[in-house]
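Reader: I've got this model open at the bench and I'd like a close look at one part of it. Could you walk me through the stretch around the tryptophan, and then tell me how it sits in the rest of the chain?

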Amino acid sequence: MSRTAKNTYYSGKDIYEGYKTNDSEKMKKGAAEVAKTATIGTIAVGIVDVAGDFGSEETSDVKGVEYNGEHFVEPHHVDGYVREDGVEVDSYWRDGDGDTSVDLTAEEGGGYYRSNPDV
């Protein structure tokens, strides 16, 4: 739940900074993240509740809650590589914000949700 609180804090900060600088896109992004975090938090609490009802230690110790065919991807370093078409790609930090000038950790609001390919 600590990640939920941190994501809400940073998203709220985006809303405030967007309001302060009259940046409607930043405000929209922050509001969308707050809504997503609230939804995910609610679902996670429900899953933990249900797991507790079954008394299974294994399900209550699951790292990273999956829901609706999605999972959270932690920010991480990606090593450089050569694509199939021969183009070289330099290494980079993947945090999901689309801004390569800022490298966010999960505590700073980095990371993103991705659909599971097998679902």
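Author: W93 sits in strand 5. This is a predicted model, so keep that in mind as you click around.

Is W93 tucked away or out in the open? Something in between: W93 is partly exposed, with a relative accessible area of 30%. Leaving out anything within four places in sequence, W93 is in contact with P75, H76, H77, D103 and L104. One of those partners, L104, also gives a polar link: its backbone oxygen lies 3.0 Å from a polar atom of the W93 side chain. If you want a backbone landmark, try V78, which is 15 residues from W93 in sequence while the two C-alpha atoms are 6.0 Å apart.

Now slide along to D95. This aspartate is found in the loop between strand 5 (92-94) and strand 6 (112-115). What does D95 touch, once residues up to four places away are set aside? The list is P75, V102, D103, L104, G110, G111 and Y112. Compare that with the tryptophan: P75, D103 and L104 turn up among the contacts of W93 and among those of D95.

Which charged partner does D95 have? D95 is buried yet has no salt bridge, and the nearest side chain of opposite charge, K29, is 8.1 Å away. A salt bridge needs the nitrogen and the carboxyl oxygen within 4 Å. What D95 does have is a polar atom of its side chain 3.2 Å from the backbone nitrogen of D97.

So where is a salt bridge to be found? The count comes to one, and the side chains of R83 and D85 meet in a salt bridge at 2.7 Å, N to O. Check the surroundings of that pair too: R83 is partly exposed, with a relative accessible area of 40%, whereas D85 is exposed, at 53%. Set this beside D95, which is buried.

One more spot deserves a click, back toward the start of the chain. N22 lies in the loop between helix 1 (2-20) and helix 2 (24-54). Its phi is near 60 degrees, a positive value in a residue other than glycine. Most residues other than glycine have a negative phi. N22 counts as exposed, at 68% relative accessibility.

Now zoom out to the whole chain. There are three helices and six strands, and from the N terminus they run α-α-α-β-β-β-β-β-β. Of the 119 residues, 18% count as buried, and D95 is one that is buried. The protein exposes about 8700 Å², with carbon and sulfur atoms supplying 52% of it. As for contacts with a separation of 6 or more, residues 24 or more positions apart account for 48% of them.

How far should you trust the picture? The average pLDDT is 73, and 62% of the residues score at least 70. Confidence is highest in strand 3 (residues 81-82), at 96, and lowest in helix 3 (residues 57-60), at a mean of 40. Over residues 55-63 the pLDDT is below 50, and beyond near neighbours in sequence that stretch has three contacts in the model. Where pLDDT is low, the predicted coordinates should not be read in detail.

Key: Residues are numbered from 1 along each chain as its sequence is written. This is a predicted model: local features need pLDDT of at least 70, side-chain atom pairs count only at pLDDT 80 or more; totals for chains, interfaces and linings use all residues. Side-chain values use heavy atoms; hydrogens and water are left out. Helices (H or I, at least four residues) and strands (E, at least two) are DSSP runs, numbered from the N terminus. Buried means under 20% relative accessible area, exposed over 50%, partly exposed in between (1.4 Å probe, protein chains only). Contact means heavy atoms within 4.5 Å. Accessible areas come from the Shrake-Rupley method with a 1.4 Å probe; for residues, only the protein chains shown count as cover. Lys and Arg count as positive and Asp and Glu as negative; His and the chain ends are not counted. A polar contact is a pair of N or O atoms within 3.5 Å; within protein, one must be able to donate a hydrogen and the other to accept it, and residues adjacent in sequence count only if both atoms are side-chain atoms. pLDDT is the predictor's confidence in each residue, from 0 to 100.
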